[in-house]
Amino acid sequence: MNPVRSEGWSVHPSFVPNGPTTPVTLLIDDAGLTQLAGEPPVAWQTPWAELSNIQLMRFKRGMALFATVAGVRYCWRRRDLGDYDLLGDIVRARGGQVTFKRRRTATLVVVIVVLLASVAGGIGAFFARGSSGSRELADARAVNLTLKDLPSGFSVAGQSVLSDLFSPSTQVVTSAPTTALPTNSLWDQIAAKFQRCMGVSDAKDRVYGSAGQMPDYQVSSEIFGSTSLEGVEVASTTQYYASTAMVSHDLTEMSQSKFGACFASTNAALILSSYGGGVASVPAGTNWRPVTFVRGWSRAGVENFSLPGVPGPLHLVMVVVASGHYEVTMGAIVASLPKTKFLLASLTDTLLSRITSTSSSAA
């Protein structure tokens, strides 16, 4: 093949710790892929034999090239479609996959439900209050996902069932309820479902049960959506706790092997229950461990289910990360799990980096 030089890329993660990620030029020939990164450029040459699971993905504006090298999944991103056809031919010739933009699918929804650190048997303990000017609240807001964290083509999503279950990003939930805890048989059933899955009693359950503790502050991101990757919406919720010991105690339960699967399954049941008819029956979820480059605690689960009026099966992905004073929940509903795993893992990296940094400030 004739050598190909393609400019205007960025790469994630960097090939070496704290290495350059932009600008990146890709040189492609029969020998393999060479990356020129940074100013002045530093070259890394990778033979084709060391590249696996190659994928070229086209977005509405721009494209992404994925490949696994030595067990690490790399993503090169470009904000235009220059060289797309040429690169597509190369990827196919090397046994890779070229993904085209799919037709527009029905609107998907993402549901983040306030499930962590509930009090006295359910999430009804949380009540919205006015915003505070505290540093802790500002830091919690800065942890959440923003539109800048997402690829081009994402935007703030419109109405969804999330509005019934997830407090708006303008509201702040605090540890001081303004009224007595309500009695709600639905929440009791949801809690019981989670506790059966985990094999824990209500008295010892810190997620739904009476052993839970309230965060000082809880604040959510907006909901972001895109029709790329066959349809995806995503959002996050950040909780700030008064002491790191409170988070540490929660991690004891959430580190159990069943947590990711049980958490996703319970959330899916809660979503479907919003359509009426009591607590919906859903199959057992599965654990998923996002491949992250930032060291830190994370757990995730996936539940496959269907929503009325939305064609085809969907996947609910629930991810929890925690460090120091913070517990953060990210949730997404996607139509194609294989096509969105890298994006969701990258967003997990983003959240981990913010709660493990000293500033916890959004980029």
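**View 1. Strand S3 of this predicted model and the two strands that pair with it.** Strand S3 and strand S4 (residues 42-47) pair in the antiparallel sense over six bridges, and the model in which they appear is a predicted one. Within this pairing, Leu33 has Thr46 of S4 as its bridge partner. The hairpin of S3 and S4 has four residues between the strands, and in this hairpin Gly38 takes a positive phi near 90°. S2 and S3 also pair in the antiparallel sense, here over five bridges, and Leu26 finds its bridge partner in Gln35 of S3. The connection from S2 to S3 is a hairpin that passes through three residues. Strand S3, which spans residues 32-37, is mostly covered, since six of its six residues are buried.

**View 2. Ser14 and its surroundings in the loop between strands S1 and S2.** Ser14 lies in the loop that runs between strand S1 (4-12) and strand S2 (24-28). With a relative accessible area of 18%, Ser14 counts as buried, because the cut-off for that class is under 20%. The side chain of Ser14 reaches the backbone oxygen of Val16 at 2.6 Å, while a polar atom of that side chain lies 3.5 Å from the backbone nitrogen of Gly19. When residues up to four places away in sequence are not counted, Ser14 touches Gly19, Pro20, Thr21 and Tyr74.

**View 3. The disulfide between Cys197 and Cys262.** The model has one disulfide, which joins Cys197 to Cys262 with an S to S distance of 1.9 Å. The torsion about the S-S bond of this pair is about -80°, so the disulfide is left-handed. Cys197 lies in helix H4 (residues 185-198) and Cys262 lies in helix H6 (residues 259-273), so the pair ties together parts that are 65 residues apart in sequence. Cys197 is partly exposed at 29% relative accessibility, whereas Cys262 is buried at 1%. Another cysteine, Cys75, is buried with a relative accessible area of 5%.

**View 4. The salt bridge between Glu7 and Arg5.** The count of salt bridges in the model comes to eight, and one of them brings together the side chains of Glu7 and Arg5, with an N to O distance of 3.0 Å. Glu7 counts as partly exposed at 44% relative accessibility, while Arg5, with a relative accessible area of 51%, is exposed. The two residues fall into separate classes because the partly exposed class ends where the exposed class begins, at over 50%.

**View 5. Salt bridges of Arg78 with Asp80 and of Asp89 with Arg92.** Arg78 forms a salt bridge with Asp80, in which the closest N and O atoms are 2.6 Å apart. Arg78 counts as buried at 11% relative accessibility, whereas Asp80 is partly exposed, with a relative accessible area of 37%. In a further salt bridge, that of Asp89 with Arg92, the closest N and O atoms are 3.5 Å apart. Asp89 and Arg92 both lie in helix H1 (residues 84-93), where they are three residues apart, about one turn of the helix. Asp89 is partly exposed, with a relative accessible area of 49%, and Arg92 is also partly exposed, at 41% relative accessibility. Arg78, Asp80 and Asp83, in turn, are joined into one network by salt bridges that share partners.

Note on methods
Residues numbered from 1 in each chain as written. Predicted model: local features only at pLDDT ≥ 70, side-chain atom pairs only at ≥ 80, totals over all residues. Heavy atoms only, no water. Buried < 20%, exposed > 50% of the residue type's maximum accessible area, 1.4 Å probe, protein only. Polar contact = N/O pair within 3.5 Å; in protein donor to acceptor, adjacent residues only side chain to side chain. Contact = heavy atoms within 4.5 Å. Disulfide = S-S within 2.5 Å. Pairing = 2+ DSSP bridges. Salt bridge = Lys/Arg side-chain N within 4 Å of Asp/Glu carboxyl O.
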